[in-house]
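Please open the model in your viewer and keep the selection panel at hand. The stops below go from one whole chain to an interface and then to single residues.

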Amino acid sequence: MLKLGGRRLQERLIVSNLGLLIGMIVLFSVASPGFLSVRGIIVIQLTLVPILLLAVGETFVLMARSFDLSIGSIYILTSVFTALFASQLGPVAILVGPATGAIFGLMNGMVFKFGRIPSFIATLATMIIYQGVAQIVVTGQYYLFATEESFRAIAISFVASVIPLMMVWAMILTVFFIFVALKTKFGRVVYSIGANYEATRFSGINVMKYQLAAFAISGFLAGVAGGLAAAQQGGASALPYPILLPAVAAATIAGTPITGGVVIIAIYLTTDRRVVQLIK
Amino acid sequence: MASSSGEVLELTAEGIVKRFGDFVALDNVNLDLRAGEVLGVVGQNGSGKSTLMKVLIGAQKPDAGRIQLRGRPFSPKNPHDAESHGISMVYQDGALVPDLKVYQYVYLGREVTRGTILHSRGMRDKTSELLENLKIPCSSDDFIRDLSPATQRMVSIAKASLGMITGENKSDERIIILDEPTAQLSSTERSIVFDKVREWKKRVSFVIISHLLQELIEISDRMTVIRDGKNVGTLDLHEKSVSAAELHKLIMGRERRDIVVRRNASLTKVLEVELAKQGVFDVSFSLGEGEIVGFYGTIGSGVRELGMALIGSLRIDRGVLKKGGKSLGGSIAARVRMGIGYLTGDHASQLNIEWSVQRNISLSNWDKILTRFLKLAMIDSRKERQLAEEYMKLTNIAPPNPDAICMSLSGGNKQKVILARWLAKEPDILVLDNPTAGVDVGTREEFYRLLANSAASGKSFILISEDLDELSTLCSKLHLMKDGKIVRSLASAALENLGDEDIRQIIKGL
């Protein structure tokens, strides 16, 4: 019963967020002319992309009833790595983010699984470690530039002159991973691990494989976000960026298993930020 | 004994009617409980006995009928109200809180405070007094999770009788309703709990719901049978004794069907077992194709641990496990892939309780419901539906709705969902650990029929059970275990000729 109530709660949250979002858009498009300008819409999307990608990844970890606190740090670290390789690799450097992100995610999973440390604590530790590594990598330089045009174009070419390409990548990945979560064996098993670990084990499933994979996906998507961020900004710094909370909030409010609700919540949280900036 | 349960009526319920929509759960049901007696209530799952109990404790409002408590009209508003009148219920799953200490649990929901601060010492002392009074072998500072299942059960009964013992209750008479008090217990633990019930019934009247007819006959003074929401009758066991078979007939409304099991041991060996774990078990045996081999042993005999070792959830020290001549890998996943399954009566560790029946059946049967595209293993919802429908029909799960959430099913049906999962998987060997614990007689019969059919088609089973009747009905060979060793093996001929009583004697003599 708890779960059913929970789902209804989640639906209510998504619907009320959608309502608030529409209300906010109507109000501010009247009150602040800059809000619905082309530039305003682009800014919202650029902020939205990493939050959405991280939220989708976090959802897989939440589905397995674990927690990943390190995605914010993976986002920073992968953007640093991507910027580091951009001058040599050119556009191909965009793949550095997802690749290293998946490895960091896998490492989270291994610390959690082989170290038998609760995931909340394990990823709290790796969160600090990844952030620290990022700082070490950029030591001596305040900012790593990656200004090559062909590299940057992956993120900030425009479709229909208002949609940055990175938004398109984010939506494709979101739809794909929602599909994976809801329609494949993988998604079902990850969710089953969260529903009843013992039952999943006794049904003959190699539980560890799936738990590691859930963390790897979380890291992978944080890495995609990090790579795109480096391309969008034309470089990266190791400064902490407050993205963990909105991403985890979007994942938690939208709930498990994943639905399109996560997109609505992520847009709401992003618009919310933008509105606060405008008020200032 | 008989005369001690006098004529004083503690509680009477007359003409209770309860409808849920068009469904009549209780149709003019009567029940009366005398002071100081144990009243057994039996019936199949869904016969209405749980609803009746809920009416008695105020968790359900009856549509008609009246209840009298010690001669006065009584209509409890809710379980709390019933409790303040001296009626409380101990639920099947015991709503135990593992992380609390015994005294915290006993006082849960009625904590004693001084101002706003918990009066722990007072509660601890009162609990110690209560435990001593009832001779329960634990301390008020023990954690619930550290107690044996039998002691846990006793503690939850103690919690229900708290008011009586400490004198906080206005009325010092007390009625305790026990719902399947022994479902997850071993036979030794059962007798410990029942000894306590016998001891306490001088002060407390008990209503006990159980599917274990034999033990209920042994402990009850009278027994009320309910079938399809109607009274079948109430038997006074002191006037006339009743056998489990007769009771079975009253509950089902028909004779017990014979289960036909092919008893001749097969020649093809499918599994050879030689397993040892220091201080737990050290056994070797083999399993033939289409054979059902039984294991009997009390807690501590290592028999349940053996079951867990067979599926790979318990590490062993040394040994070989060969299926069709091939050694088996160590993990559960590897063993399931090699055609071994494991099912226990404890469905908490087997079911995703918040999931639908369909999804629970799918959980081991991916090869039957997946389509592959671009290397993605996608779930074909049509195939998934078909699989669920096919096996729900075979196992007769009620309601026959694949989307029903498992939580809403009765205990017996939950059990059948797990069986359906494994029957669909068709493992060559299925290890069953007390598969019918807490399952009613009708469902049990169906369960046996399914196992017998499956064995006849060449599947093999290892049946670990505390239920001798179950073992002698199904098994072609029965191994008796004690202190981790097989101390005696009875072949099919012996099982056919010996009655349950003879086997009980053999076990006693071990």
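Begin by selecting chain A and showing its surface: about 11900 Å² is exposed, with 73% of that supplied by carbon and sulfur atoms, where accessible areas come from the Shrake-Rupley method with a 1.4 Å probe and, for residues, only the protein chains shown count as cover. This is a predicted model, in which local features need pLDDT of at least 70 and side-chain atom pairs count only at pLDDT 80 or more, while totals for chains, interfaces and linings use all residues. Residues are numbered from 1 along each chain as its sequence is written, chains are lettered from A and ligands numbered from 1 in the order in which they are written, and side-chain values use heavy atoms, with hydrogens and water left out.

Switch chain A to a cartoon, and 12 helices and 4 strands appear; these are DSSP runs, numbered from the N terminus, of H or I over at least four residues for helices and of E over at least two for strands. Its C-alpha trace spans about 55 × 45 × 30 Å along the principal axes, and 54% of the 280 residues count as buried (under 20% relative accessible area, with exposed meaning over 50% and partly exposed in between, for a 1.4 Å probe and protein chains only).

Next, select the interface, where 27 residues of chain B are in contact with 23 residues of chain A, contact meaning heavy atoms within 4.5 Å. The area buried between the two chains is about 2200 Å², and carbon and sulfur atoms give 64% of it; buried area is the accessible area (1.4 Å probe) that two parts lose on being put together, summed over both. On the chain B side, pick Glu354(B), Trp355(B) and Trp366(B), which lose the most area to chain A and together make up 23% of what that side buries.

Now centre on Ile67(B), in strand 4 (residues 64-69) of chain B, which counts as buried because its relative accessibility is 7%. Beyond its neighbours within four places in sequence, its contacts include Leu11(B), Ile16(B), Val55(B) and Phe74(B).

Move on to the loop between helix 14 (381-395) and helix 15 (411-425) of chain B, which holds Pro399(B); a cis peptide bond, with omega about -5°, joins Ala398(B) to Pro399(B). Asn396(B) is in the loop between helix 14 and helix 15 too, and has a positive phi near 60° without being a glycine.

Finish at Asn434(B), in the loop between strand 21 (429-433) and helix 16 (441-456) of chain B. Its phi is also positive, about 45°, although it is not a glycine, and at 11% relative accessibility Asn434(B) counts as buried.
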